[in-house]
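Open the model in your viewer and switch on a cartoon view. Keep the selection box ready for this short tour.

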Amino acid sequence: MNTTLAGREGEAKAAEYLRKKRYEIIGANYRCRFGELDLIAKKRDLVVFVEVKLRKNDHFGAASDAVTLSKRDKLKKAALFWLAATDCTLPTRFDVIEIYRETGRI
């Protein structure tokens, strides 16, 4: 399975998980010159920018370890761009959802 296809599979599982937790998915794969936001979700009056990390297993560390300082900076810039483009003034939060394919755990 190529990485793009696997990534989309992971994002679909993450979106399903968020919906079960009563989040509304308001955006997916948002791209701008600063990078990509995997999922944008909303619950009540809170917007959540979600980075999805899919790994086969955790033998070499947590999937969230791949969200480096540089990646966080890109996510922040992309989120600020999205907020400006949509005139959104709601409070925000950043989450990372880890998915491990061998165990199926999120």
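The stops below go from a strand pair to a few single residues in this predicted model.

**Stop 1: the hairpin.** Select residues 24-32, strand E1, and residues 35-43, strand E2. The two strands pair in the antiparallel sense, over 7 bridges. Now look at the turn. E1 and E2 form a hairpin with 2 residues between them. For one facing pair, pick isoleucine 25: alanine 41 in E2 stands opposite.

**Stop 2: arginine 22.** Step back to the loop between helix H1 (3-20) and E1, where arginine 22 sits. Is arginine 22 buried or exposed? Its relative accessibility is 71%, so arginine 22 counts as exposed. Check the backbone too. Phi of arginine 22 is near 70 degrees, a positive value. Most residues other than glycine have a negative phi.

**Stop 3: asparagine 29.** Move into strand E1 and select asparagine 29. Here phi is again positive, near 55 degrees. Asparagine 29 counts as partly exposed because its relative accessibility is 25%.

**Stop 4: aspartate 38.** Cross to strand E2 and select aspartate 38. This residue is buried yet has no salt bridge. Which side chain of opposite charge is nearest to aspartate 38? That is arginine 8, 5.6 Å away. A salt bridge would need a nitrogen-to-oxygen distance within 4 Å.

Turn to the backbone nitrogen of valine 52. A polar atom of the aspartate 38 side chain lies 2.8 Å from that nitrogen. Finally, show what surrounds the residue. Aspartate 38 touches several residues beyond four places away in sequence, among them Glu11, Gly27, Asn29 and Val50. Asn29 takes you back to the previous stop, in strand E1.

Technical notes
Residues are numbered from 1 along each chain as its sequence is written. This is a predicted model: local features need pLDDT of at least 70, side-chain atom pairs count only at pLDDT 80 or more; totals for chains, interfaces and linings use all residues. Side-chain values use heavy atoms; hydrogens and water are left out. Two strands pair if DSSP finds at least two bridges between them. Helices (H or I, at least four residues) and strands (E, at least two) are DSSP runs, numbered from the N terminus. Buried means under 20% relative accessible area, exposed over 50%, partly exposed in between (1.4 Å probe, protein chains only). Lys and Arg count as positive and Asp and Glu as negative; His and the chain ends are not counted. A polar contact is a pair of N or O atoms within 3.5 Å; within protein, one must be able to donate a hydrogen and the other to accept it, and residues adjacent in sequence count only if both atoms are side-chain atoms. Contact means heavy atoms within 4.5 Å.
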